[in-house]
Amino acid sequence: MTKKIDLVFRTIGERTSDIALDLAIQQIQPNQVHLIENVRPFSAAVQKMLEIEYNCDFVVFMDADCLMMENMQSFLQRNDFPYVDCYVLDKFRGHIHQGVHITRVDVVRLMQKVKPPENDEKYVLRPESRLRSMALSRMKANKHFKTFRILHDYFQYYDHVYAKMALRELRSRTEENRRELDAAEQYWDRHIEDVDFQIAKLAIAQTREAMPQDSTPAEIDDYIGRLPEIATQAIAALNLPPQPEICPGEIDQQTKKIWSWQLVQVGGGTIEPPAEPRSPYKVFGLGLSRTATKSLTSALHILGFKVIHYPEDETTLRELTEGHCQFSLLDHFDGITDITVSAFYPQLDQLFPGSKFILTVRDKESWLTSLEKHWFNRPAFDENSQIEKEIHFQIRRFLRSAVYGSYEFNRERMSYVYDLHYQNTLNYFADRPESLLVLNIGASEGWDQLCPFLGLDPLDQPFPYIKKQSILKSLLNAEAQIIDATVSV
């Protein structure tokens, strides 16, 4: 039975509004289109979209700063997940999940019943996300993630760029979010000739000054409400030349620059993608847990390598315990990352000649602190665990024993393991530097080191930062049919 898909298109007069809507209709083929036009602040737009009476199976909520360069109809017809957050390519922050949200109608109807919380900073900063999270929590349902070829925040008006980046600063006030924003700013600095990046840096600096860290939710809400006016004044002070109307040719040119082939020609028909060739060699991430192995996995995925991070299936467990390093998963994947393979690189090197090995590292004291927090309340045994979680715990026990020699965190032991693993890996590949890359992602190493090592040109976009195992599994591990565990490694 064909699913009925509605499209909710939200615009505040973005420079890409008309083209974005045309592309969305072409790529989704919605049953009905609902326009939310010029409603501010965003919390008011969210309430407006929740007043709609939907007669469909799924709703695709999207913003006018998103350009869909991929046909989504096939996925929409086979998808049954209650909520799918779409990974897009953002001009300022690389691959992020933002701008396009595929929501089952029962989730939408529950969102309509949720009362917006008062004096709640999460709601002030992300009203749609907050209400959806509350609805999913009541349903005991999880969010899922899917990567699409969607451009986000390209070709926008200068005042819109200012407002977006000011809001990004307000949303980046945790340690991890601040680290991601700092990494993005480093990328902007390398391309400071781009006016958009100059405006982004200005917006962040002025917002930090105007809204200090201890600002209350009410003060933040007021500032967000005034952002359009603040942005207009800030851009006027720069005396920039007016921006012309965006044309389809610019979008096509940018798309060809980013991707080696297009799924869509703007204003034309869909182009079928060529079959993606398998990598001629395997790629293994040898870094210990908490050394940015998820970010490495995401980066390899972006580069076209189908690698899997910390698989937890029954076959892999059996092969680990039997000492069988020619993992069956490697018949379908280009490699494996994290401690599943950290201890077995000599065997993998013999079994898969010509493979590439990447050792992710970080400051040892920082790593020890992070690993201690990561292992806290994550026991090796759980008497109350459900049967479907038992494979997860068996793999956890095996790999903790094999890699760390301990079921529990011991700082002295872990420090010794870190040094030993680092030195042994370097010694093993000492005569073959072309086979090993040591990569410190936390120290801003990324595409410039990874791409040449793999024989590719460096990408001109921010390096991905992935923190949650659930996001990575949803993005990359579906084909392995592994358990979608809610507990972390």
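# Close-up legends

**Figure 1. Valine 84 finds its bridge partner in strand 6: isoleucine 102.** This is a predicted model, so to speak of local features we ask for pLDDT of at least 70, side-chain atom pairs count only at pLDDT 80 or more, and totals for chains, interfaces and linings use all residues. Residues are numbered from 1 along each chain as its sequence is written, and side-chain values use heavy atoms, with hydrogens and water left out. Strand 5 (residues 83-90) and strand 6 (residues 94-104) run antiparallel and are joined by 7 bridges. Strands pair if DSSP finds at least two bridges between them. Helices (H or I, at least four residues) and strands (E, at least two) are DSSP runs, numbered from the N terminus. With 3 residues between them, strand 5 and strand 6 make a hairpin.

**Figure 2. Tyrosine 87 has a bridge partner on strand 6 and another on strand 7.** In strand 6 the partner is histidine 97; in strand 7 it's threonine 147. Strand 7 (residues 144-152) pairs with strand 5 in the parallel sense, over 6 bridges.

**Figure 3. Strand 5 is largely enclosed by the rest of the structure, since 8 of its 8 residues are buried.** Buried here means under 20% relative accessible area, exposed means over 50%, and partly exposed is anything in between (1.4 Å probe, protein chains only). Tyr83, Asp85, Tyr87 and Leu89 point one way from the strand, and Val84, Cys86, Val88 and Asp90 point the other way. Both sets are buried, aspartates included.

**Figure 4. Step back, and strand 5 belongs to an open sheet of 7 strands in the order 2-1-3-6-5-7-4.** The pairing in this sheet is mixed. Strand 2 (32-37) and strand 4 (66-68) are the edges, each pairing on one side only. From one strand to the next, the twist averages 35°. Angles here run from 0 to 180 degrees between N-to-C directions, with axes as lines fitted to C-alpha atoms (for helices, over the stretch in contact).

**Figure 5. Helix 4 (residues 105-113) crosses helix 6 (residues 127-139) at about 110°.** The two axes sit 9 Å apart. Helix 4 and helix 6 therefore count as roughly perpendicular. The cut-offs: under 35 degrees is roughly parallel, over 145 roughly antiparallel, 65 to 115 roughly perpendicular, and the rest oblique. From helix 4 come Asp106, Val107, Leu110 and Met111, which meet a set in helix 6 including Leu131, Arg132, Ala135 and Met139. Contact means heavy atoms within 4.5 Å. By class, this contact has 7 nonpolar, no polar and 4 charged residues. Ala, Val, Leu, Ile, Met, Phe, Trp, Tyr, Cys and Pro count as nonpolar, Asp, Glu, Lys and Arg as charged, and the others, Gly among them, as polar.

**Figure 6. An open sheet of 5 strands has parallel pairing and the order 9-10-8-11-12.** Its edges are strand 9 (307-309) and strand 12 (436-439), each pairing on one side only. The twist averages 20° from strand to strand. Helix 12 (residues 293-302) packs on this sheet and touches strand 8, strand 9, strand 10 (335-337), strand 11 and strand 12. The helix direction makes about 160° with that of strand 9. Zoom in on strand 8 (residues 283-285) and strand 11 (residues 356-360), and you'll find 3 bridges in the parallel sense. One partnership to look for is glycine 285 with isoleucine 358 in strand 11.

**Figure 7. Three loop spots are worth a look: proline 41, asparagine 119 and serine 444.** A cis peptide bond joins arginine 40 to proline 41, with omega about -5°; proline 41 sits in the loop between strand 2 and helix 2 (42-49). Asparagine 119 isn't a glycine, yet its phi is positive, near 50°. It lies in the loop between helix 4 and helix 5 (121-125) and counts as exposed at 65% relative accessibility. Serine 444 has a positive phi too, near 75°, in the loop between strand 12 and helix 19 (447-453). At 42% relative accessible area, serine 444 is partly exposed.

**Figure 8. The whole protein has 20 helices and 12 strands.** Of its 489 residues, 52% count as buried. Among contacts between residues at least 6 apart in sequence, 76% join residues at least 24 apart. The accessible surface comes to about 22,700 Å², 48% of it belonging to carbon and sulfur atoms. Accessible areas come from the Shrake-Rupley method with a 1.4 Å probe; for residues, only the protein chains shown count as cover.
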